[in-house]
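Colleague: Could you take me through this model, please? I would like to understand how its parts fit together.
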Amino acid sequence: MAVSDPIADLLTRIRNGQKARFDKVDIPSSRMKTSIARILKEEGYIKNFKLIRDTKQGILRVHLKYDESREGGIAGVKRVSKPGCRVYVGHDEIPRIMNGMGIAILSTSKGLMTDRQARKEVVGGELLCSVW
């Protein structure tokens with residue numbers, strides 16, 4: 001069955017895998033999902049990710065991150081712009097997530113980037129999700 005919102009599917013699989021204390025989760029791959037995983041790794045929310053090629057679209061294997069007390073690296077995640085209601089923001093309207101403790105991921109004309117990068121580059125775009 002086709003997934004109507006692949007980004008929400010990615011975020012839900014990561015959230016559910018972390019709650020179940022899995023070391024890794026496998027997700028059907030796409031360039032957008034790979035870019036989101038790259039941002040999550042750069043910001044320290046996941047340990048690593050790997051793209052596994054197969055005969056279909058490929059698999060994105062995300063290695064989840066935990067601390068010493070086995071608490072997950074992601075405390076919360078929220079999908080903001082949905083297929084039924086897109087949310088676009090200008091560079092001066094980009095929200096600060098948890099007073100700068102979290103990140104917002106935006107799809108801009110310069111590619112996917114965090115809220116801090118978008119403010120630095122003075123570019124707005126579609127507000128995909130927020131992670132804290």
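Colleague: At what angle do the axes of H1 and H2 cross?

Modeller: This is a predicted model. In it, the axes of H1 and H2 cross at roughly 40° and come within 10 Å. That angle makes H1 oblique to H2. The crossing of the two helices, H1 and H2, is right-handed.

Colleague: Why quote both an angle and a distance?

Modeller: Two packed helices are described by the angle between their axes together with the distance between those axes.

Colleague: Which residues of H1 and H2 meet?

Modeller: From H1, the residues are Pro 6, Ile 7, Asp 9, Leu 10 and Ile 14, and they meet Met 32, Lys 33, Ile 36 and Leu 40 in H2.

Colleague: What else does Ile 36 touch, leaving aside residues up to four places away in sequence?

Modeller: Besides Ile 7 and Leu 10, Ile 36 touches Ile 105 and Leu 112.

Colleague: Let us turn to the sheet next to these helices. In what order do the three strands E1, E2 and E3 lie?

Modeller: The order is E1-E3-E2, in an open sheet with antiparallel pairing. Strand E1 (24–28) and strand E2 (46–52) are the edge strands, as each pairs on one side only. Neighbouring strands of this sheet are turned by 20° against each other on average, direction ignored.

Colleague: And where does H1 pack?

Modeller: Helix H1, residues 6–19, packs on the sheet and touches E1 and E3. The direction of H1 makes about 160° with that of E1. Helix H2, residues 31–42, lies across E1, E2 and E3, and runs at about 155° to E2.

Colleague: How many bridges are there between E1 and E3?

Modeller: There are five bridges between E1 and strand E3 (residues 59–64), in the antiparallel sense. In one of the pairs, Asp 26 has Arg 61 in E3 as its bridge partner.

Colleague: What about E2 and E3, how many bridges join them?

Modeller: Six bridges join E2 to E3, and these strands run antiparallel. Leu 51 has Leu 60 in E3 as its bridge partner. E2 and E3 form a hairpin with six residues between them, and Gly 58 in the turn has a positive phi of about 100°.

Colleague: What holds the strands of a sheet together in general?

Modeller: Strands of a sheet pair through backbone hydrogen bonds, either parallel or antiparallel.

Colleague: Changing topic, why is E6 said to be largely enclosed by the rest of the structure?

Modeller: Five of the six residues of E6 are buried, so E6 is largely enclosed by the rest of the structure.

Colleague: Which strands pair with E6?

Modeller: E6 is joined to E8 by six bridges, and the two run antiparallel. Ser 107, for instance, has Glu 126 in E8 as its bridge partner. E6 also pairs with strand E7 (residues 111–114) over four bridges in the antiparallel sense. Here the bridge partner of Ile 105 is Thr 114 in E7. E6 and E7 form a hairpin with two residues between them.

Colleague: Finally, which residues of the largest nonpolar core touch the most other members?

Modeller: They are Ile 14, Ile 36, Leu 40, Val 62, Ile 105 and Val 131, in a core of 24 residues. H1, E1, H2, E3, strand E6 (103–108) and strand E8 (125–131) each supply at least two residues of this core. A second, separate core has nine residues, including Leu 106, Met 113, Ala 118 and Val 123.

Notes:
Residues numbered from 1 in each chain as written. Predicted model: local features only at pLDDT ≥ 70, side-chain atom pairs only at ≥ 80, totals over all residues. Heavy atoms only, no water. Pairing = 2+ DSSP bridges. Axes fitted to C-alpha atoms, helices over the stretch in contact; angles between N-to-C directions. Contact = heavy atoms within 4.5 Å. Core = buried A, V, L, I, M, F, W, Y, C linked by side-chain atoms within 4.5 Å. Buried < 20%, exposed > 50% of the residue type's maximum accessible area, 1.4 Å probe, protein only. Parallel < 35°, antiparallel > 145°, perpendicular 65-115°, else oblique. Left-handed = near helix turned anticlockwise from the far one by under 90°.
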